[in-house]
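Here are a few exercises to work through with the model open beside you. Try each task before reading its solution.

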Amino acid sequence: MIRSSVLLLSGLLLAGTVGIPNPVVAETASEEIDARAKNPDWWPAPGRDNKLTRHSDLKEITTDNVGKLKYVWSQSTGALRGHEGQPVVVEHDGKPMMYFSSGCPNMAQCNIVQALDLTDPDNPVQIWNYVKKTDRDESAVPRACCDTVHRGVNYAKNKVIYHTLDGYVIALDASTGKEVWVVKHAYPEKGETITGPTLIAENLVIAGFGGDEFAARGRLTAYDVDTGKVVWNCHSTGPDKDVCLTPDTNKANPHFGTAGKDIGVSSYPDTNGGEWKIGGGSYWAWGSYDPELKLVFWSTGNPGHWSPSYRCGDKTHDECNTGKWDNKWSMTIFARKVDTGEVAWAYQMTPFDQWDYDGVNENILTDMDIDGKKVKALTHFDRNGFAYVLDRTNGTLLRASKFVTVDWAEKVDLKTGRPIKVREHSPFEVGRNTPACPSAMGGKDQQPCSVDPKEPNKFYCPTNNWCMEDEPQERTHTQQGTVYVFANVYMYPEKPGISGKLKKFDVLTGKTDWEIPDPYPNWGGTMVTDGGVVFYGSNNGDFRAVDKKSGKVLWQQRLGSGIIGNPITYKLKGKQYVSIFAGLGGWIGIPVTAGLDMEDKFGAIGATAMAKATGLDKIPQAGMLYTFRLGE
């Protein structure tokens, strides 16, 4: 890996102008992010830090004064929908800067990047914008599952790093918006689209893509941050060599699967030239990084289509759940060595998936005291309804607790790591309608949780609270790039009038400290601050501030559209600001944003029924970034 020393401007003070005391040397791009994250004035990465805590030390806004929050400015994103991300705020060239990107409703409005000068923090000025205009692939829009969302940009080494829905990873000069390098990473004709975000680890830009519902084959690729050249490339299905397994993979937990038998091939049927070749396992959401362990943590999605009997070489439900047909390495948390991509350990949450419980949700890194030991922990709230805690040094499973209503499994066996499935709630045979909780959208989808590292086992999570009926269908083709689901899915609220909840959840005890029910889905992420406040948004457009101790809603403001984005906070000229995207979309919102028939209860793989049940068809569309601070 190529490394070059760069001067990182850390410890910045803003008092009328930016002061730059004691610049420090950062060897790598991710060391820049780590150093900036130590200064609470900035929001330097999608999750604020590469551990994805979404926690800020800022405390000017408190539980006592948050009721005085006032709107100060907003900025159109240039696109109506799909704002699942957040801006970054950093110092660049002596100025406080904000960078963000839009969703992609069409190629003319696809992933527009804006650079705002925040020198006058109440009156930002756009200094450049960028949208890629050449070699665009219009076919990416209908091939994006689910919705044409964008989850944010990165800033490192004087570059804005971002991605486009139709498969490009691009480095832009942070001063001018000019292209520094452009690589073609994903190919829509193979079912691959990028919703992101990328991850900056050492001097690498690491990128995945989505496409499991279009028969894509998942892979993760690392590019040199300076040149865009490929450093390593590892798949999530196929032979050990392709997956980057080694003899040391899962050394502490060999029962999770080891190298030597190509189980990424043999755990799929040998039909159509090998089902693993169209076996899904895409990395389409959040990655995290531990610079001490030099490990990247990233999880994979479902194993392609939703008609599970076709992904098994035997005939019965019980035969397909022996472990032989696990469809490795879908639904798997991977710990990969940053320099090579080699797998240190891998743990599959939902072997032989029967529900589309994508495992891509974020892996949050904190240090906990567990069972009398200090543990470098990884916490993962999975779609399947279980909150997992693992030792991130070796992948040992320490906890697996239900955080929403779960009936598809009795529990997870901590010794084997395998769920104890309930046949009654396990879709399998073609034409058999099966009820299950949670729904395919999961107990939590991509919407990220937050955690205060000082309270490392308490997580603030937006949850989905609905169930489904799933009826597998006959598979009619195996063509990549074509809709590849083969199931009728109907989703409905678990309890009438409640479809979302914000929860404070203890992952060690498996208990909920408090929860806030909501008639609308909570599809955006959370942020927790040292002022004792948790921020989050609802799909009806309510942006809220909550007392993190009690769960009491202290303030809320109705924004112009449904919120699926993630709040950030930063401090300029002695004042703390909070920003959030509004712009309905995501899987839950696509029936509205794509204008689907609300009477089709199976539309958008079950999303239309939920959108109708929760009244999302009455929520307007508008892509906007809103910013608040305390009133004078």
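UniProt positions are given here in the numbering used for this chain, and such annotations may be inferred rather than shown by experiment. Please keep in mind that this is a predicted model.

**Exercise 1. Find which residues UniProt assigns to the domain "Pyrrolo-quinoline quinone repeat", and describe each span.**

Step 1. The unreviewed UniProt entry places this domain at residues 43-397 and 521-578.

Step 2. Take residues 43-397: this span is 3% helix and 33% strand, and its end C-alpha atoms are 31 Å apart.

Step 3. Now take residues 521-578: here the chain is 0% helix and 52% strand, with 22 Å between the end C-alpha atoms.

**Exercise 2. Decide whether helix α1 is enclosed or not by the rest of the structure.**

Step 1. A residue counts as buried when its relative accessible area is under 20%.

Step 2. Go along α1 with that cut-off: A29, S30, E32, I33, A35, R36 and A37 are buried.

Step 3. Helix α1 spans residues 29-37, and seven of its nine residues are buried, so the helix is largely enclosed by the rest of the structure.

**Exercise 3. Work out which strands pair with β42, and in what sense.**

Step 1. Locate strand β42 at residues 624-630; six of its seven residues are buried, so to speak of it as mostly covered is fair.

Step 2. Look at strand β6 (residues 69-76), which runs antiparallel to β42 and is joined to it by seven bridges. Here Y71 stands opposite F628 of β42.

Step 3. Turn to strand β41 (residues 575-582), which pairs with β42 over six bridges, also in the antiparallel sense. In this pairing, Y577 has R629 of β42 as its bridge partner.

**Exercise 4. Characterise the lining of the largest pocket and of the second largest pocket.**

Step 1. The largest pocket has a volume of about 450 Å³. Its lining has 19 residues, and D34, A37, K38, D49 and K51 are the closest to the pocket centre.

Step 2. Helix α1 returns here: α1, β5 (55-56) and β23 (363-370) each give at least two residues to this lining. By class, the lining holds six nonpolar, five polar and eight charged residues.

Step 3. The second largest pocket holds about 350 Å³ of space. Among the 18 residues of its lining, P142, A144, F214, I590 and A604 are the closest to its centre.

Step 4. The elements that supply two or more residues to this second lining are α5 (586-593) and α6 (603-613). Sorted by class, the lining has 14 nonpolar, one polar and three charged residues.

Technical notes: Residues numbered from 1 in each chain as written. Predicted model: local features only at pLDDT ≥ 70, side-chain atom pairs only at ≥ 80, totals over all residues. Heavy atoms only, no water. Buried < 20%, exposed > 50% of the residue type's maximum accessible area, 1.4 Å probe, protein only. Helix = DSSP H or I, 4+ residues; strand = E, 2+ residues; numbered from the N terminus. Pairing = 2+ DSSP bridges. 1 Å grid on protein atoms, 1.4 Å probe; cavity = no way out; pocket = protein on both sides within 12 Å on 5 of 7 lines; lining within 4 Å. Points joined across faces, edges and corners; volume = space filled by probe spheres on them. Nonpolar A, V, L, I, M, F, W, Y, C, P; charged D, E, K, R; others polar.
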